[in-house]
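Hi,

Here is the model I said I would pass on. Have a look at it first, and then read on for what turned up.

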Amino acid sequence: MDERPADTTIRTTCPYCGVGCGVLATPRPDGSVAIAGDPAHPANFGRLCSKGSALGETLGLEERLLFPTIAGARANWDDALSRVAERFTATIAEHGRDSVAFYVSGQLLTEDYYIANKLMKGFIGSANIDTNSRLCMASSVAGHRRAFGSDTVPGTYEDLEQADLIVLVGSNLAWCHPVLYQRIAAAKAARPQMKIVLVDPRRTASADLADLHLPIAADGDTALFAGLLPFLAEAGAIHCDYVARHTDGFVEALRRARGMRLPHVAEATGLDSRQVQAFYELFARTEKVVTVYSQGVNQSVTGTDKVNAIINCHLATGRIGRPGMGPFSVTGQPNAMGGREVGGMANMLAAHMAIEDPAHRSLVRDFWDARAMPDRAGLKAVDMFRAVADGRIRALWIIGTNPVVSMPDADAVKAALAACPFVVVSDVVARNDTLPFADVALPAAAWGEKDGTVTNSERRISRQRPFLPLPGEARPDWAIIADVARRMGFADGFSHASAADVFDEHARLSAYGNAGERDFDIGALAGLDQCGYDALPPVQWPQPRTVTSHGSGDASVEATAALANDGSRFFGDGDFFHPDRRARFVAVDVAPRRRLGKGRFLLNTGRVRDHWHTMTRTGRSARLSAHVAEPFVDVHPADAAAQGIAEAGLVTVRSGIGAAIVRCRTTDRQSRGSVFVPMHWSDEFSGSGRIDAVVAPAVDPVSGQPGLKATEVSIAPFPAVWFGFAITRSRPDPHGLDYFALARAEAGWRMELAGLAPQADPSAFATALLEAPDRAQMLAFHDTTTGAHRFAAFDGEALIGALWIARDPVAVSRVWAAGQLGDAHNAVRDRFRLLAGRGGADRPDPGAIVCSCFSVGVNEIATAVTTGRAITVEAVGAALKAGTNCGSCRSEIKGIIDDARLANTA
Ligand SMILES: Nc1nc2c(c(=O)[nH]1)N[C@H]1C(S)=C(S)[C@@H](COP(=O)(O)OP(=O)(O)OC[C@H]3O[C@@H](n4cnc5c(=O)[nH]c(N)nc54)[C@H](O)[C@@H]3O)O[C@H]1N2
Ligand SMILES: Nc1nc2c(c(=O)[nH]1)N[C@H]1C(S)=C(S)[C@@H](COP(=O)(O)OP(=O)(O)OC[C@H]3O[C@@H](n4cnc5c(=O)[nH]c(N)nc54)[C@H](O)[C@@H]3O)O[C@H]1N2
Ligand code: SF4
Ligand SMILES: [Mo]
C-alpha cells in the first residue's frame, strides 16, 4: 500500500472505538473513498482493524436520513426547528425545567456535546442531560473521582508497550480495541518476558495472547482485587513512602480486605486458589504493571467498587503515572472522553467541574453568562427513562444513540417513548428501532461530513475532518442544537459561527479560573483560528497555557509548541485533585458469589469483532456482516446438553422481564452456568434478537451504571418445526415469521428463518419471500418424507433468490450461497448445485468468514492446517493472505490452528 497521502487525502479519525485511530480518507472520482491508516497518528501508526478498514463501505446514502420529518412526513428545517423549540419551551412553561431531557451519546463530537450540555445546564436550567456513556463509562468516572478527586485517566498507550505485566480485566481487547491489542502483541513479540493475564468469565479471543486466564465468576473482580491488597502488604510490595505522603485511607482499606485470604478469594471468584496465587505473585513481584479494564468491570451493579479495588492496588504500590504502570480504563466510544470533558453526564458540570460544588457552579455561570443553572445532578439514563415512562419527563431529545436497542429493559424504554408527549430524534440513518417513536426526526451529518474533535482513551484530542459534502439537508449536530437554542430565546449564548468557535470556547472554559486545581486544562489550544483548528495535530491533554507567552497572537504556534508536553502522565508525582491534593483509598465490601438454582444461568452480554453496537452502520457492510451473521447464545456444551439444546438449534433466553430467540453455539470457551449473547441485534435485523429486552435494569448505587452482564435467565429450546435459509436480491419482508435474522450479503441479503407451525404451502411462501415476478423461472425440489423444500428463482440468467427449508437447521453452505447472488447462472448444472446448497468439488465451502479483509473462511484455514500447508499464523497468511492486512483475525486464526492440531493428535 502506498502510504503517501494523495493531494485529495484528508487526515481524520476513525468513528468507532476509543482507540481513536488516525485515518487517511481519499475520495475517488467514482464517488467511493479509499481508507487507510494514518502512519503519522500516534494511536495507530498506520494500523486499522477490520471495522476501520471497512469504513469506505458504510458511506453510502441509500439508508441515510436526508431531510427532517414531523410526524413521519417530510418537513422543512424551519418548521422542524420551530416545532422542537416551541414544544420544549411550552413544556418547561407548563411543567417546569425538569420536565424536559436530552439523552445524548459518546459518538457525538466534543463540539456537539458541548453545545447540548450548555443548552441544558446553562440555559434551560436543568441537569437532565445524560448519555449512553452512563451504560459505558460511568463507574470508571465515579471510581476515578472517588480515588483521584477528578475523572483522570493517568496513563498513555505507550505504557501498554512498556509494561512487564498487563492485566486485562473484563476487556476483550482483541475484538473491541483491536489496534491496542496489536500494539501489545507486537510489544510482547519483541519482549517475550512481558506477561499478560486475562480476567474474564469467557475464554475470549484475547486469551490467545494471555499467559494466564482467570475464568472469574460474574462480578468476582472486587474480591480478586480486594484480596490482592493484603497479599501485596505481606509480600512487602507496598510503596510506603508514596502511600504516606500522597494518599489517605490505606489502613481502613487494608483492614476491610484483611479477611480476603486465598481460600476466600477462591470461593468468591470461583477460581482455583493456585491460579489466584500465581496471579498475585506475578503482580507483587512485577513493578511495571498496567491493569486495563472496560465493560466486565464497569457494567456491573458493583462496578464502582471494582474500579476502586483495582486503583487501590496501584496506589498502594505507587504504580501509577510512571512509564509502564497504572490503572487504565479504556474507553469504548470514539468520544467517551470528550463527553466527560464537556460534562455531558447528568452528575457533572463542564470542563471536569462538579455540579454539586458551588464554586464550580459560579465559575461556569459566570463564563457562560448562564440564564439558569441547576444545583444538583439530573436523572441518570435508567432513571431518566423511568421518568419518561411515568410522565415526569414530557419532552425528550435523543441524539446519536439507539436506546430501544441499547438500554436495559429495552421494551420498557420502548413503551416510555410511545407514551412520551414529545420525542425528538437526531440521527444519520432513516431507520433504526428508536426512530419510529420520533415526533420530529432531524438528519445529522455523519462521519466523513462532520467537523470537530474527539478525545481517545489516552486523552488525545484528534480532529475529525470532513471529506464529503453534506448530503441532502443533513446538518452538523451542534448547529442543529444551537439553532433550537436561539429559537428558545437564548441567542446570546449560541452565536457560534463554526465548530472552531465552539472548540475555542470549550478550551477557554477549561482554563477559566484554573490555576492547576483541575486536571482538564487545554488553555493552550484556546484562540485557534480556523486555520489553526484545521491544522491541529493529535494532541494529548493537559495543555495548559504556559508553554509560550500569553497573547502571542499565534495560537497555532502555541498548539504545536505544546506538543512538546505530549506523553505526559498524571499522578507519578503524587499530586491529586482532592482539595488536599491527596488520593483516597476506598474500602470496599465483597458481596458473596451469586448462586443460582438448577436450570438458571447468568446472562453475559457484549460485542463481536466486526459489528458496532446496534449495527446501524456495520450492518450495511456485507464484509463485516459475514463474520457473524446471526444473533447467538454461547453455551457450555454440558449446559446445552442438560437443557436439551442442540448445537445450531434455536434457543429462547428468558428473564423476568423479557425473552429473546437466538442461535445456539456450544463452546467450552464459555464457563458453566453462564451464557453469552451479543448486544448488537435490533428489530431491524432480527425477529427477537434484541437482548436488552431481557437484560434487567439494576444499577450500581454510586455511578448509576446498569449491570448489563449478569441477568438471571433460563434457556430452553425454541420449538421450531421447520428451519430455513434464504438469499435474496432485494431486502426480504420478514413479516409474520416466528424467527428471522437478516444480514447484508455482497449482492443482496441473506436470512435465517424458522417457524413454529408447518408451512402449509411452501411454494407460495417461496414466491412471496423471494418476491419472484410472474416471468421468473422457479426451480423447485421437494422431499415430502424429510420435509425438505428448495427453491431458486431466476430472471433470465440472474438469480433473484433461493430458499432452503428443512425440519432441522438447513445444511447450506452460507458463504458460498450468499456469493451466488451476483453470479450469472446459465448452466443447468450451476442451477442444480444451487438447489443442493453447496458448490461442486471445485467450489468447496469456505465456511464462516474469519478474515474479513480477504474473505477467507474457517474451513479454508482449517484445511491449510490439517494438510500441513500452514501451521503458524504467519504461514496461514503466506498461503491464504488471511490476517495479513488489518490483523484483527490473527487471534482467531491461532485458535483455529490450535483446534485443528488438537483434533489431529486426538
Ligand atoms: N467490535 C466492536 N468493538 C467495540 C464496540 C463494538 O460495538 N464492537 N464498542 C465499543 C464500546 S462503546 C465499548 S464500551 C467497548 C467495550 O469493550 P469490552 O469491554 O472489551 O467489550 P464487552 O464485550 O462488552 O465486554 C468485555 C468482557 O467482559 C467480560 N465480563 C462479563 N462479566 C464480567 C465480570 O464480572 N468480570 C470480568 N472480569 N469480566 C466480565 C465479558 O465476558 C466480555 O468478554 O468496545 C468498543 N469497541
Ligand atoms: N446488554 C448490553 N447493552 C449494552 C451494552 C452491553 O455491553 N450489553 N453496551 C452499552 C454501551 S457500552 C454502549 S456505548 C451503548 C451503545 O448503544 P447506542 O449508542 O444505542 O448504539 P449505536 O448503534 O452506536 O447508536 C448510535 C446511533 O446514532 C446514530 N449516529 C451515528 N453517528 C451519528 C452522528 O454523528 N449524529 C447523530 N445524531 N447520530 C449518529 C447511529 O445511526 C445510531 O442510530 O450500548 C450499551 N448497551
Ligand atoms: S481499533 Fe479499529 S475501530 Fe478502533 S479506532 Fe482503530 S480502526 Fe477504529
Ligand atoms: Mo460503550
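A word on naming before anything else: helices and strands here are DSSP runs, at least four residues (H or I) for a helix and at least two (E) for a strand, numbered from the N terminus. Keep in mind too that this is a predicted model.

With that naming, Thr 9 sits in the segment before β1 (10-13). Buried means under 20% relative accessible area, so Thr 9, at 14%, counts as buried. The side chain of Thr 9 makes a 2.7 Å polar contact with the side chain of Thr 26. Setting aside neighbours within four places in sequence, Thr 9 is in contact with Leu 24, Ala 25 and Thr 26.

Next, the domains. The assignment splits the chain into domain 1 (10-58), domain 2 (69-135 + 337-498), domain 3 (138-329), domain 4 (601-717), domain 5 (722-836) and domain 6 (849-905). I looked at how domain 3 meets domain 6. Their centres, taken over C-alpha atoms, are 32 Å apart, and seven residues of domain 3 are in contact with seven residues of domain 6. Between them the two domains bury about 480 Å², with 40% of that on carbon and sulfur atoms. On the domain 3 side, Trp 175, Gln 182 and Asp 208 supply 74% of the area buried against domain 6, more than any other three residues.

Now to helix α2, residues 77-95. This helix has 19 residues and spans 27 Å from its first C-alpha to its last, close to the 27 Å expected at 1.5 Å a residue. Which residues of α2 are buried? They are Trp 77, Ala 80, Leu 81, Val 84, Ala 85, Phe 88, Thr 91 and Ile 92. These cover an arc of only 135 degrees around the axis, so they lie on the same side of α2. The face turned away from that buried side carries the exposed residues Glu 86, Ala 93 and Glu 94. Both ends are worth a glance. At the start of α2, a side-chain oxygen of Asn 76 comes to within 3.1 Å of the backbone nitrogen of Asp 78. After the helix comes Gly 96, with a positive phi near 95 degrees.

Two of those buried α2 residues lead on to Trp 397, which is found in strand β14 (residues 395-399). Trp 397 counts as buried because its relative accessibility is 1%. Not counting residues up to four places away in sequence, Trp 397 touches, among others, Val 84 and Phe 88. Trp 397 and Val 84 are 313 residues apart in sequence, but 8.9 Å apart in space, C-alpha to C-alpha.

Trp 397 also has a polar partner: a 2.9 Å polar contact joins its side chain to that of Ser 426. Ser 426 is in strand β15 (residues 422-427) and, at 2% relative accessibility, counts as buried. Beyond four places in sequence, the contacts of Ser 426 include Ile 399, Leu 442 and Asp 477.

Asp 477 brings us to helix α20 (residues 477-487), which is mostly covered, with nine of its eleven residues buried. Asp 477 is one of the nine, as are Ile 480, Ile 481 and Val 484, and those last three are also touched by Trp 397. The buried residues of α20 pack against α2, α3 (110-124), β14, β15, β16 (440-443) and α21 (499-511). Like α2, α20 is followed by a glycine with positive phi: here Gly 489, near 95 degrees.

Cheers

How values were computed
Residues numbered from 1 in each chain as written. Chains lettered and ligands numbered in written order. Predicted model: local features only at pLDDT ≥ 70, side-chain atom pairs only at ≥ 80, totals over all residues. Heavy atoms only, no water. Expected span 1.5 Å × (residues − 1). Buried < 20%, exposed > 50% of the residue type's maximum accessible area, 1.4 Å probe, protein only. Arc of directions from axis to C-beta. Polar contact = N/O pair within 3.5 Å; in protein donor to acceptor, adjacent residues only side chain to side chain. Domains from an automatic or database assignment. Contact = heavy atoms within 4.5 Å. Buried area = accessible area lost by both parts, 1.4 Å probe.
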